[in-house]
Amino acid sequence: MTGKIVLPPQEGQTAPNEGIKKASNYLRGTLQQSMAEPLSASIPTDDQNLIKFHGSYMQDNRDERDERQQKKLEPSYQFMIRVRTPGGAATGAQWLMMDKMAHQYGNGTLKITTRQAFQLHGILKWNVKAYMQEMNNALLDSLAACGDVNRNVMCNVIPSMSAVHEEVYQWAVTVSEHLLPHTRAYHEIWLDGEKVIDTPQTEEVEPIYGELYLPRKFKIGMAIPPSNDTDIYSQDIGIIAIIEKNKLIGFNLTVGGGMGMTHGDEGTYPQLGHLIGFVLPSQLVEAAEKIVTIQRDYGNRIERKNARFKYTIDRYGIDWFLTEFDKRTTFELQPAREFHFERTGDRYGWMQGTDEKWHMTLFIQNGRVKDFEDYPLMTGIREIAKIHQGRFFMTPNQNLVIADVTTAQKEKIDELIKSYHLTDGAHYSALRRNSIACVSMPTCGLAMAEAERYLPSLISKIDRLLQQNNLSETEITIRMSGCPNGCSRAAIGEIGFIGKGPGKYNMYLGAAFNGSRLNKIYRENIAEEEIIMELTPIIKHYAQTRLQDEHFGDFTIRAGYVTATTDGRNFHEIAKNSK
Amino acid sequence: MLLEVVNSPFNEKQATLLNDVMANLTQQQKIWLNGYLTATLNNTSKMVVEETTSLIKTVTATILYGSQTGNAKRLAQRFGEELAQNQVVTTVKSMADFPVNKLKKIENLLIITSTQGEGEAPDNSKTFYDFIHSERAPKLANSHYAVLALGDTSYDLFCQTGIDFDKRLIELGAQSLVPRVDCDLDYEEEAECWFTAVQQQLMAQSGQLNQVDAPLKKVVSTENYSKKKPYSAKVLEKINLNMTGSDKATYHLELSLENAGIEYEPGDSLGVYAKNNEELVAALLMQLSLDGQQLVTIDQIEITLTEALLYHYEITVLTKPLIAKFEVENLPHENWREGRNIVDLLRYAKITSLTAAQLLSKLRKLPARLYSIASSLAVHEEEVHITVGQLRYAIDDHYYDGVCSGFIANEVQIGDELKIFVQRNEDFKLPASNQPIIMIGAGTGIAPYRAFMEQREEQQATGSAWLFFGDQHFMTDFLYQTEWLRYLNDGVLTSMDVAFSRDQQHKIYVQQRIIEKGAEFYNWLEKGAVIYICGDEKKMAKDVETAILEVIATYGQLTEQQAQHYLVTLLAEKRYLRDVY
């Protein structure tokens with residue numbers, strides 16, 4: 001039995017979102033009525049905030065805004081629904097359901113997000129419930145896929161490469177389930193679940209979160225070195241599997257990473273997580289829960305843009321955190337174990353696991369699954385899903401793994417891959433294979449510039465520079481976000497772009513290829529022509545003076561284009577002598 | 001000019017008063033005053049005439065009209081005024097307002113009625129129509145009568161209501177003053193002839209006709225612009241209200257009335273003169289090997305044949321009389337003529353040679369198209385807005401455009417001028433500002449309600465308002481959506497229900513929403529709400545009426561017949577008003 005959670009008081013006027021949560025009766029708000037209201041495809045602001053906790057954002061097609069306004073129509077309000085898929089796993093049946101829903105209710109495409117989730121865009125308000133029910137029938141949900149709670153737990157892909165991988169993936173599922181909100185609101189609103197009788201609550205409905213949930217979103221990712229595909233340092237909690245002699249012995253933890261910032265406010269910045277120590281597998285769930293409660297109690301509920309866990313850690317200091325963690329846990333944190341990360345990108349093509357099964361990583365540009373001209377990607381995957389007996393894994397790099405394929409089935413799947421022109425990306429440059437873009441325009445309300453729709457053509461132009469310098473097969477990470485919230489984790493791209501305005505980006509250089517160092521601003525508010533102009537001499541210089549195996553990010557620091565960002569708090573600092 | 005004792009026939013007090021008044025008059029008020037003074041002066045002189053010709057026998061006449069769009073009513077009122085000016089004691093009444101027990105006493109009964117849809121009587125004449133066709137109708141052996149029927153030859157049952165009245169009045173023993181006249185859309189001239197004949201008969205009864213010095217007095221319209229003399233209004237705005245992906249195209253047009261002195265009220269309609277499709281005219285000329293540049297005379301003005309066919313004659317509707325004039329028989333099937341045009345007919349009948357004069361003599365004048373006005377002058381000074389749905393359909397893989405909507409959709413651009421006139425519709429007006437209203441419309445049928453809401457907002461009306469709207473898709477076809485949402489937010493509109501027929505598997509229409517909200521709907525009626533229905537008669541108005549009857553029966557706990565009676569009472573109270581087409 002848990003009593004009401006009482007938060008330590010904070011000075012100042014609490015942020016408006018806190019009031020909305022408090023008044024929502026555990027995330028119910030007036031969603032049931034407003035989702036049925038027939039005259040507008042929108043819902044009121046408070047419900048817009050609450051529906052995020054249910055895995056959905058209200059958006060509109062910004063391409064149509066002006067035209068619709070002229071036609072005396074409200075914006076084309078629609079809902080994006082993000083599905084909670086810990087570790088990015090989905091069965092063939094689940095894939096087929098998502099594909100069907102994308103056509104029936106969505107805009108006919110699927111997006112694989114940078115956090116290994118399905119995202120469906122363009123769902124009309126009155127179809128959201130039907131969609132949620134279909135999803136439920138396929139044993140999927142979108143609970144806590146967005147909102148001020150722990151979101152989709154990421155996990156290194158190809159868990160089936162070994163029994164240990166599978167074990168780590170199962171931990172991701174366990175952590176995800178453990179940190180789910182307990183409110184019945186999701187079931188009541190979308191699944192016609194029985195309403196809980198309205199009696200005064202003496203017992204806390206949300207034993208971990210409390211009625212105010214967290215001050216801000218919360219992200220957890222798990223990695224299996226040497227792959228850092230889940231960008232462990234960008235997570236509020238990074239969980240690094242430590243494997244000795246093919247056995248999982250425990251996890252190193254990092255805390256306080258996060259990407260988002262606000263343009264023009266240097267008090268906001270991307271930050272990398274701090275390595276704090278090692279826990280045993282049996283201690284993992286407790287560790288995660290206690291870290292969440294520390295953020296629940298001490299996260300900033302006054303100033304929302306300073307509410308992420310990274311600011312809490314930076315404000316109080318890591319020593320304070322360790323003391324607080326120690327107070328709350330039943331075990332002692334051990335010193336961190338040795339580990340080594342090599343890369344954040346995916347390895348493409350067929351690979352055989354220790355269990356003899358095969359795994360195919362397909363290249364999916366920016367995670368957008370649809371039928372392109374001469375490239376029926378969506379149809380191809382659908383056909384594979386119809387016969388595939390294993391799982392699919394969506395990767396943190398927005399690609400897709402067809403996992404657990406038997407040798408007998410491999411041939412059939414290979415045939416389908418060929419006949420639908422699906423690709424492992426081998427014919428693309430290594431730059432394109434290491435690219436990530438968020439959705440941005442036209443559906444994201446935060447977008448300031450294009451991302452997904454623009455990055456491919458920009459890469460084609462940079463590819464020419466690379467070709468001229470014989471660097472087409474050199475792996476460089478390039479990431480683009482339409483706004484500084486950083487869904488594409490652009491602040492850890494060796495070449496990072498963050499949208500400033502239509503066609504204008506801040507360009508960042510100097511991040512580590514393995515995700516262990518943030519980048520630094522190189523040029524502010526530039527358009528394509530200047531981007532190419534700026535990159536031309538740097539790439540040439542890199543080709544000419546590159547050290548053995550030196551990565552582009554490391555080179556730009558050594559050559560003095562930017563100084564290294566050693567901590568998020570000096571992300572905005574620009575050394576006077578930098579070029 | 002200031003009036004003074006020295007430059008006018010007025011004394012100082014009168015001059016001061018007049019100067020005060022004149023200084024504050026608008027142009028329109030001055031024009032009105034001018035007409036008013038002239039008319040009162042005429043009356044005065046008439047009284048003098050009457051006194052000196054007391055030998056003349058007093059003749060009485062009752063004009064009853066049945067009107068849907070207002071044409072019959074307008075004619076009735078004008079003829080009434082003219083008769084009155086010519087010493088006939090005249091009563092002009094809507095059939096709905098006429099107490100049937102007075103029928104027997106009528107000396108001269110003049111009926112002016114239009115016909116609705118497929119041979120039905122107009123809304124405001126239904127009760128009277130039913131009465132006169134019932135067993136209770138009195139014998140009218142002492143009455144004279146005349147019928148003027150308005151209609152449209154493109155309908156099978158052309159002028160049926162007028163025909164019915166004519167037949168029934170004979171049966172009841174009334175004597176015909178003049179033969180019935182059936183008018184097509186271009187009714188003015190024939191109506192005028194009928195009236196002149198009627199008037200002469202009545203004058204003969206009074207003995208006036210023998211008096212040489214009594215020329216018949218005519219009422220002169222005081223309006224600057226009219227159907228005969230349309231105004232060229234500049235197009236200020238043209239917006240297709242439907243989004244890409246819609247099956248429909250609905251144009252919102254804003255027209256300038258700057259300095260035209262044209263006035264209208266919410267509920268009125270706008271007549272628009274269209275232009276025929278140029279390709280169709282070219283095809284017609286080619287089919288008959290006619291030179292489009294040759295001159296023809298229309299209303300004493302010479303224009304080219306092409307111009308005549310573009311602007312003055314109807315070439316897109318195959319009426320039965322038209323087909324008869326071309327002596328075409330044995331059409332492929334009964335409905336073949338529907339939706340086809342004259343080129344189709346000529347090609348089918350292999351008619352390849354006619355002179356321009358022969359061709360034009362068979363055609364009827366291109367009628368103006370009427371659109372419900374979608375704006376209020378109180379909000380849009382010197383502007384008028386209309387909502388035009390583009391009519392487009394395919395027959396045997398060939399696409400046809402509606403004449404006027406096609407013209408507006410495909411040709412009219414911002415800055416162009418459209419020939420327009422205001423068509424009053426006294427039977428589709430807002431009630432007192434505190435009275436509740438229920439507005440029901442589908443597609444472009446929503447247009448007059450935009451005018452209503454504008455007007456009510458401007459009036460700060462306290463009466464509640466409920467709008468039912470239907471179309472195909474929410475995302476693409478929600479006409480004027482942002483405006484309704486604002487009116488709801490501001491309380492001008494109390495409630496709104498929508499039915500988007502194609503957003504789900506089973507089609508849903510406004511009538512279902514009425515039934516769903518039946519209890520509330522009935523409650524509004526009991527509180528005195530006025531019901532408005534605007535839109536397609538066949539596709540919507542009938543089903544809506546059925547739904548309303550069902551609601552009345554269910555929630556008023558009435559039998560079907562009692563519900564009918566309830567609706568008839570609403571009609572009589574002018575609380576069931578329709579603008580249907």
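**Exercise 1. Find which backbone oxygen the side chain of A:Asn519 reaches, and describe the surroundings of A:Asn519.**

Step 1. The side chain of A:Asn519 reaches the backbone oxygen of A:Gly493 at 2.9 Å. This is a polar contact in a predicted model. A polar contact is a pair of N or O atoms within 3.5 Å; within protein, one must be able to donate a hydrogen and the other to accept it, and residues adjacent in sequence count only if both atoms are side-chain atoms.

The model is predicted, so local features need pLDDT of at least 70 and side-chain atom pairs count only at pLDDT 80 or more, while totals for chains, interfaces and linings use all residues. Residues are numbered from 1 along each chain as its sequence is written, chains are lettered from A and ligands numbered from 1 in the order in which they are written, and side-chain values use heavy atoms, with hydrogens and water left out.

Step 2. Place the residue. A:Asn519 sits in the loop between strand 21 (504-509) and strand 22 (520-526) of chain A. Helices (H or I, at least four residues) and strands (E, at least two) are DSSP runs, numbered from the N terminus.

Step 3. Check exposure. A:Asn519 counts as buried because its relative accessibility is 0%. Buried means under 20% relative accessible area, exposed over 50%, partly exposed in between (1.4 Å probe, protein chains only).

Step 4. List neighbours. Not counting residues up to four places away in sequence, A:Asn519 touches residues including A:Gly496, A:Tyr508, A:Thr565 and A:Phe571. Contact means heavy atoms within 4.5 Å. A:Gly496 is 23 residues from A:Asn519 in sequence, yet 7.5 Å away in space, C-alpha to C-alpha.

**Exercise 2. Describe the place and contacts of A:Asp314.**

Step 1. A:Asp314 belongs to helix 10 (residues 309-316) of chain A.

Step 2. Its relative accessible area is 14%, so A:Asp314 is buried.

Step 3. Its side chain makes a polar contact with the side chain of A:Tyr269 (2.6 Å). Beyond four places in sequence, A:Asp314 also touches A:Gln271, A:His274 and A:Arg569.

**Exercise 3. Locate the "binding site" residues that UniProt lists in chain A.**

Step 1. The UniProt record (unreviewed entry) names A:Cys438, A:Cys444, A:Cys483 and A:Cys487. They are spread over 50 residues of sequence but cluster in space, with a largest C-alpha distance of 11.1 Å. UniProt positions are given in the numbering used here, feature names are shortened, and annotations may be inferred rather than shown by experiment.

Step 2. Take A:Cys487. It lies in the loop between strand 19 (478-481) and strand 20 (495-501) of chain A. It counts as partly exposed because its relative accessibility is 41%. Leaving aside neighbours within four places in sequence, A:Cys487 contacts A:Thr114, A:Cys438 and A:Ser481.

Step 3. Take A:Cys444. Its loop runs between strand 18 (435-437) and helix 15 (455-468) of chain A. A:Cys444 touches A:Gln59 and A:Arg62, again not counting residues up to four places away in sequence.

**Exercise 4. Work out the strand order of the open sheet in chain B, and follow strand 9.**

Step 1. The open sheet has 6 strands in the order 12-9-16-7-8-13, with antiparallel pairing. Two strands pair if DSSP finds at least two bridges between them.

Step 2. Strand 12 (369-372) and strand 13 (383-389) of chain B stand at the edges with a single partner each, so one side of each lacks a neighbour in the sheet.

Step 3. Strand 9 (residues 269-273) joins strand 16 (residues 417-423) of chain B through 5 bridges. B:Ser269 has B:Gln423 as bridge partner in strand 16. B:Leu270 has B:Val422 there.

Step 4. Strand 9 also pairs with strand 12 of chain B, over 4 bridges. Here B:Leu270 stands opposite B:Tyr371.

Step 5. In strand 9 of chain B, 4 of the 5 residues are buried, so the strand is largely enclosed by the rest of the structure.

**Exercise 5. State how many residues meet where chain B contacts chain A.**

Step 1. 21 residues of chain B are in contact with 16 residues of chain A.
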